[in-house]
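Here are some exercises to work through with the structure open beside you. Try each task yourself before reading the solution.

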Amino acid sequence: MSRTATINLQQMLTPLSDNNRLRLFSGSSNIPLAQEIARYLGLELGPMIRKRFADGELYIQIQESIRGCDVYIIQPCSYPVNDHLMELLIIIDACRRASARQVTAVIPYYCYARADRKTAGRESITAKLVANLMTQAGANRIVGMDLHSAQIQGYFDIPFDHVYGSPVLLSYLASKQLPDLVVVSPDVGGVARARSFAKKLNDAPLAIIDKRRQAHNVAEVLNVIGDVKGKTAVLVDDMIDTAGTICEGAKLLREVGARQVYACATHAVFSPPAIERLSSGVLEEVIVTNTIPVLPENRFQQLTVLSVANLIGETIWRIHEDSSVSSMFR
């Protein structure tokens with residue numbers, strides 16, 4: 001064997017370094033966010049063929065070798081939810097069959113999370129069903145952001161890293177230096193989230209809106225627990241869907257004397273008629289993140305969209321380096 005041939009063979013047998021083992025792929029739901037994450041990590045998104053057959057079936061093929069690699073698939077399961085969820089499952093399966101060493105699904109927005117328990121007879125617990133689907137598809141680890149309910153982590157028998165969008169929201173709010181701040185939970189279920197938010201805003205006071213939900217996406221606001229008169233109220237929630245809860249809460253806060261009302265949420269679901277409600281002037285500003293892409297036609301004057309790309313990118317790097325993720329939020 002010639003010397004040149006020997007050198008080439010040695011190069012072929014050289015194991016991949018840990019940095020070369022890190023590969024990023026993106027589903028179709030939020031490619032701009034995935035590209036931002038890739039830039040933060042100094043990587044390129046992996047090449048992939050994505051097409052549909054005439055009957056709507058999805059075809060995925062990874063276009064590079066990922067044998068022995070740690071693969072991270074970025075895919076928020078936003079609208080159309082079923083299409084994006086199925087796409088994620090197919091990409092996970094493709095990576096597993098391509099002999100990836102470890103497959104991590106990075107899901108900035110976890111779908112079907114609102115049905116996390118049975119509240120009536122003969123209901124499905126879809127949050128658990130989705131967990132089963134991802135595990136059976138071949139995911140070794142899940143990264144999620146601001147789950148609707150923290151208990152969803154327990155539905156997985158694989159590691160789950162729960163990332164919070166609050167550092168991005170808190171940093172923005174702190175830069176505004178809002179006077180007489182009071183953090184408001186839009187319902188009793190969100191008190192823990194609002195309390196944590198308030199603690200990180202120099203132990204701001206906390207108020208709660210007593211709400212009773214008559215049906216899905218229909219909320220009846222009753223009263224405010226806490227003092228908001230003459231204060232700047234910040235409503236904090238994990239998501240804004242139809243915006244009924246947020247806007248009715250904002251109206252009530254103004255009725256009981258709040259001077260200004262802001263809304264903060266990680267996930268901008270924005271199902272109709274959310275845009276009409278949010279742009280009605282009842283809120284000074286609506287602050288969300290880009291876990292879900294906000295279409296140009298859904299943007300309005302009071303809307304501010306913050307990026308969580310660096311936060312997710314740092315999370316991916318820490319997982320890859322076996323470093324602490326929780327220390328990012330202390």
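## Exercise 1: Cysteines

C247 is buried, with a relative accessibility of 4%. Keep in mind that this model is predicted.

**Task.** Find how many disulfides the model has, and explain why C111 is not in one.

**Solution.**
- Step 1. Recall that a disulfide is a covalent bond between the sulfur atoms of two cysteines.
- Step 2. Take the cut-off: the two sulfur atoms must lie within 2.5 Å.
- Step 3. Look at C111. Its closest cysteine sulfur belongs to C77 and is 4.1 Å away, so the distance is too far for a bond.
- Step 4. Go back to C247. The nearest cysteine sulfur is that of C264, 14 Å away, and C247 is in no disulfide.
- Step 5. State the total: the count is 0 disulfides.
- Step 6. As an extra check on its surroundings, note that C111 is buried, at a relative accessible area of 1%.

## Exercise 2: The span of a helix

**Task.** Work out what length helix α4 should span, and compare this with the distance between its end C-alpha atoms.

**Solution.**
- Step 1. Helix α4 covers residues 81-97, which is 17 residues.
- Step 2. The expected span is 1.5 Å times one less than the number of residues.
- Step 3. For α4 this gives 24 Å, and the end C-alpha atoms are 24 Å apart, so the two agree.
- Step 4. Now see which residues of α4 are buried: H84, L85, E87, L88, L89, I91, I92, A94 and C95.
- Step 5. To read that list, remember that an α-helix has 3.6 residues a turn, so residues three or four places apart point the same way.
- Step 6. Ask what these buried residues pack against. Their partners are the strands β1, β2, β3, β4 and β5, together with helix α5.

## Exercise 3: Unusual backbone angles

**Task.** Which residues follow α4 and α6 with a positive phi, and where do cis peptide bonds occur?

**Solution.**
- Step 1. Start from the usual case: most residues other than glycine have a negative phi, and most peptide bonds are trans.
- Step 2. After α4 comes S99, whose phi is positive, near 70°. S99 sits in the loop between α4 and β5 and is partly exposed, at 30% relative accessibility.
- Step 3. Just after α6, Q177 has a positive phi of about 50°.
- Step 4. F270 joins the list: its phi is positive, about 55°, although F270 is not a glycine. F270 lies in the loop between β12 and α9 and is buried, with a relative accessible area of 7%.
- Step 5. Turn to the peptide bonds. The bond joining Y79 and P80 is cis, with omega about -10°, and P80 belongs to the loop between β4 and α4.
- Step 6. Another cis bond runs from P272 to P273, with omega near 5°. P273 is in the loop between β12 and α9.

## Exercise 4: Spaces in the protein

**Task.** Describe the largest cavity and the second largest pocket by volume and by the residues that line them.

**Solution.**
- Step 1. Count the cavities of 30 Å³ or more: there is 1. The largest cavity holds about 40 Å³ of space.
- Step 2. Among the residues lining the largest cavity are Y109, M145, D146, H148 and D238. By class, its lining has 6 nonpolar, 2 polar and 2 charged residues.
- Step 3. The second largest pocket has a volume of about 400 Å³. Its lining has 20 residues, and D146, H162, Y164, A192 and R193 lie nearest the centre.
- Step 4. Find where this lining comes from. α6, α7 and β11 each give at least two residues, with the largest share, 5 residues, from α7.
- Step 5. Sort the lining of the second largest pocket by class: 7 nonpolar, 9 polar and 4 charged residues.

## Exercise 5: Buried or exposed?

**Task.** Decide whether T104 and R330 are buried or exposed.

**Solution.**
- Step 1. Use the cut-offs: buried means under 20% relative accessible area, and exposed means over 50%.
- Step 2. T104 lies in strand β5. Its relative accessibility is 0%, so T104 is buried.
- Step 3. Check its contacts beyond four places in sequence: V71, Y72, I73, R141 and V143.
- Step 4. R330 is in the segment after α10. Its relative accessibility is 79%, so R330 is exposed.
- Step 5. Compare sequence with space: R330 and K200 are 130 residues apart in sequence, yet their C-alpha atoms are 9.6 Å apart.

Note on methods: Residues are numbered from 1 along each chain as its sequence is written. This is a predicted model: local features need pLDDT of at least 70, side-chain atom pairs count only at pLDDT 80 or more; totals for chains, interfaces and linings use all residues. Side-chain values use heavy atoms; hydrogens and water are left out. On a 1 Å grid over the protein atoms alone, a cavity is a set of points where a 1.4 Å probe fits but cannot get out, and a pocket is an open set with protein on both sides within 12 Å along at least five of seven lines; lining residues have an atom within 4 Å of a point. Grid points are joined across faces, edges and corners, and a volume is the space filled by probe spheres set on the points. Ala, Val, Leu, Ile, Met, Phe, Trp, Tyr, Cys and Pro count as nonpolar, Asp, Glu, Lys and Arg as charged, and the others, Gly among them, as polar. Helices (H or I, at least four residues) and strands (E, at least two) are DSSP runs, numbered from the N terminus. Buried means under 20% relative accessible area, exposed over 50%, partly exposed in between (1.4 Å probe, protein chains only). Contact means heavy atoms within 4.5 Å.
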